[in-house]
Amino acid sequence: MSDLKTGLSEAAAAAFAALGLPADNARVTPSDRPDLADFQSNGALAAAKRAGKNPREIAAAVAEKLQGDPRLASVEIAGPGFINLKVSDAALSQRADQIAADPRAGGELVPEPRKVLVDYGGPNVAKPMHVGHLRSSIIGEAIKRLYRFRGDVVIGDAHFGDWGYQMGLLIGAVCDEDEAVRAEVERLNAAADLPAEWMTSLEPEVFGKVSLADLDRLYPQAAAKGKEDPAYRDRARKLTAELQAKKPGAYLLWRQFAKVTRVALERDFHALGVDFDLWKGESDVDDLIPSMVAELADKGLLVEDAGARIVRVAREGDKRELPPLLVVSSEGSAMYGTTDLATILDRKNSFHPDQVIYCVDQRQADHFEIVFRAAYLAGYAQEGQLEHIGFGTMNGPDGKPFKTREGGVLKLNDLIQMTRDKARERLLEAGLGENLPEAEFEDIAGKVAVAALKFADLQNFRGTSYVFDLDRFTSFEGKTGPYLLYQAVRVKSLLRKAEGEGAVGGPVAVTEPAERDLVLTLDAFDAALVEAYDKKAPNAVAEHAYRLSQSFSKFYAACPILSAEPAVRASRLTLAQATLRQLEQALDILGIAVPDRM
RNA sequence: GCGCCCUUAGCUCAGUUGGAUAGAGCAUCCGCCUUCUAAGCGGACGGUCGCAGGUUCGAAUCCUGCAGGGCGCGCCA
């Protein structure tokens with residue numbers, strides 16, 4: 001069951017082929033001139049160029065072949081050789097019935113499902129998530145859901161940054177601040193009589209008082225000190241190496257860091273409706289590193305350089321010299337490129353992904369290019385299987401990465417709370433809330449907040465940066481998440497009313513312009529999914545959801561439903577049902593949930 | 001210095017891989033609620049697509065140069 005565009009493309013391709021013309025550019029697309037046609041094919045122009053013929057003649061010949069197609073109400077030539085197609089009401093009605101009957105609301109499956117892993121590019125342990133993590137969560141989640149909906153087997157992995165230098169910095173900083181912690185770390189490091197299962201069984205009581213707030217407070221200080229004080233930095237790097245060598249004191253203190261961080265992360269992700277299949281991190285591949293390093297050495301890829309061990313990844317024809325992958329630091333510790341490489345190896349062994357998508361800030365493009373090249377050299381993945389999906393930053397009104405009024409980084413939790421407060425305010429302004437139970441009102445406010453944040457983000461192409469504007473995002477007017485929820489809720493309300501009156505859906509019979517427009521929009525769902533999938537660009541789905549809402553709203557204004565005569569009412573109810581299902585499906589792919597009323 | 005990305009309506013952004021008259025939203029102005037949620041719908045206003053060349057029948061889109069902005073460039077992630 002394919003959409004109209006696909007069916008018409010096939011017909012056009014057949015027509016081109018019958019005329020001895022290449023069929024590959026016969027593609028039919030939605031018309032740029034809705035006043036003239038529903039669909040168009042520009043293939044005659046390209047074919048004429050290749051064959052050195054008159055495009056209008058070719059268009060006329062193709063048009064004649066298409067003329068008899070029962071789906072088409074008219075075939076016309078316009079301009080230099082555009083073929084304009086108008087679909088018959090009957091074909092539109094039939095297509096609407098198909099979509100309405102389809103649990104997938106018109107969205108097709110990929111021909112061959114693949115195994116895809118989405119890497120959310122890790123929030124860091126010991127640092128609360130800030131607005132910078134918002135985009136990778138939102139975009140990664142949308143890509144995961146999109147791929148899954150289209151039939152791929154997808155695993156999402158948070159991939160925490162929990163094993164690097166910042167851990168050494170924090171171990172040092174916490175010990176400096178708390179003598180008891182320091183003593184315990186030293187005692188454990190030196191202890192000779194630990195039980196075999198100490199890594200998982202021991203939870204030293206003194207470590208229990210270290211909170212995320214402590215880490216959050218100490219980290220910026222320690223990072224700053226590490227930058228200016230070489231001795232302090234060296235100690236942190238040594239402590240990092242100790243942690244990675246699993247010295248008990250360092251390791252168990254680190255486990256406390258990971259524990260308190262995880263609680264906060266789960267809270268923030270839950271609030272955003274984001275979840276992971278794997279909560280893995282850099283530390284999980286630590287055991288693989290020694291053998292991986294040995295293997296890289298065996299393969300002759302590892303080179304000594306300035307006390308460190310590196311893999312050179314520069315290639316012939318590079319426009320500039322790409323730095324090498326730093327595998328082992330001069331201190332003997334693993335760098336983030338090391339764990340990233342080991343993670344690729346781990347995923348190859350455990351999941352055999354056809355593709356791994358890294359959903360990480362554009363600024364890390366070079367890093368991933370380096371790691372990917374090393375992975376290809378080492379045979380841990382095939383060229384092209386690893387892909388970095390970069391995105392821009394969320395900026396403040398000044399056009400620079402978003403900061404609080406005080407100039408600090410805004411924590412994700414605070415951002416979510418801010419948005420939720422605003423959502424409540426908006427709902428109350430609109431006179432909602434008095435009639436609703438407290439719990440439902442809170443649920444709605446939460447959904448409105450998430451819709452506002454996610455839709456604002458996802459309506460932009462991921463590669464570009466955007467300006468954060470809470471008032472605009474939470475507005476119920478215009479191209480916003482709350483507007484989409486309102487539209488969906490309005491359909492739900494209509495359908496409830498219909499049900500109360502005993503009105504049921506029936507076969508679609510398209511007659512009105514608003515009905516035509518709505519069905520054409522419904523039909524365009526699959527094309528939006530394909531585009532979003534191929535370009536890893538959820539904004540195509542967001543755009544479709546918005547267009548669908550608009551089409552429905554026009555239909556809703558122009559075509560009375562419940563008061564129409566029975567056959568028309570049944571047809572329009574079917575259209576409303578199909579719209580709701582597709583809209584909810586599109587929003588679900590974006591990670592946006594719709595309340596029942598608002 | 002080298003490299004990557006960006007520059008489209010007053011503001012925030014899309015732009016179907018080179019096609020017709022470059023689209024939305026906000027803002028401004030004008031209409032439409034005794035009728036299914038007006039948080040809506042219809043209409044108007046608003047553009048040298050950063051600048052200059054080039055390729056092409058045809059360029060916001062491809063190539064070159066320039067200007068402005070952002071980002072990155074091995075022991076942080």
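Analyst: A UniProt annotation may be inferred rather than shown by experiment, and its positions are given here in the numbering of this chain. The model itself is predicted.

User: Which residues does UniProt list for "domain: DALR anticodon binding"?

Analyst: The unreviewed UniProt entry lists residues 484-598 under that name. In the model this span is 72% helix and 0% strand, with its end C-alpha atoms 12 Å apart.

User: What does the record give for residues 2-87, and what is the helix and strand content there?

Analyst: The unreviewed UniProt entry annotates residues 2-87 as "domain: Arginyl tRNA synthetase N-terminal". Helix makes up 42% of that stretch and strand 22%, and 15 Å separate the end C-alpha atoms. A shorter annotation from the unreviewed entry, "short sequence motif: 'HIGH' region", covers residues 123-133. Those residues are 18% helix and 0% strand, and their end C-alpha atoms lie 7 Å apart.

User: How is chain A divided into domains?

Analyst: The bounds come from an automatic or database domain assignment. Chain A has domain 1 (4-87), domain 2 (115-160 + 275-394), domain 3 (165-272) and domain 4 (412-589).

User: How much area do domain 2 and domain 3 bury between them?

Analyst: The size of an interface is often given as the accessible area lost when the parts come together. Domain 2 and domain 3 bury about 1900 Å² between them, with 67% of that on carbon and sulfur atoms. Their centres, taken over C-alpha atoms, are 24 Å apart. Domain 2 puts 20 residues into the contact and domain 3 puts in 23.

User: Which residues come nearest to RNA strand B?

Analyst: A residue counts as near when one of its heavy atoms lies within 4 Å of the strand. There are 68 residues around RNA strand B, and Arg27, Arg33, Phe82, Leu432 and Arg490 come nearest. On the RNA side, 61% of the strand B atoms within 4 Å of the protein belong to sugar and phosphate.

User: What is the make-up of that surface, and which element supplies the largest share?

Analyst: The residues divide into 30 nonpolar, 18 polar and 20 charged. The largest share, 8 residues, comes from α18. Elements that each supply at least two residues include α2 (43-51), β4 (82-87), α18 (481-500) and α21 (539-558).

User: Where are polar atoms of Phe476, Ser553 and Met598 placed relative to RNA strand B?

Analyst: Phe476 has a backbone N or O atom 3.4 Å from a sugar or linking oxygen of RNA strand B. For Ser553, a polar side-chain atom is 2.9 Å from a sugar or linking oxygen of that strand. Met598 has a polar backbone atom 3.3 Å from a base nitrogen of RNA strand B.

Key
Residues are numbered from 1 along each chain as its sequence is written. Chains are lettered from A and ligands numbered from 1 in the order in which they are written. This is a predicted model: local features need pLDDT of at least 70, side-chain atom pairs count only at pLDDT 80 or more; totals for chains, interfaces and linings use all residues. Side-chain values use heavy atoms; hydrogens and water are left out. A polar contact is a pair of N or O atoms within 3.5 Å; within protein, one must be able to donate a hydrogen and the other to accept it, and residues adjacent in sequence count only if both atoms are side-chain atoms. Helices (H or I, at least four residues) and strands (E, at least two) are DSSP runs, numbered from the N terminus. Ala, Val, Leu, Ile, Met, Phe, Trp, Tyr, Cys and Pro count as nonpolar, Asp, Glu, Lys and Arg as charged, and the others, Gly among them, as polar. Contact means heavy atoms within 4.5 Å. Buried area is the accessible area (1.4 Å probe) that two parts lose on being put together, summed over both.
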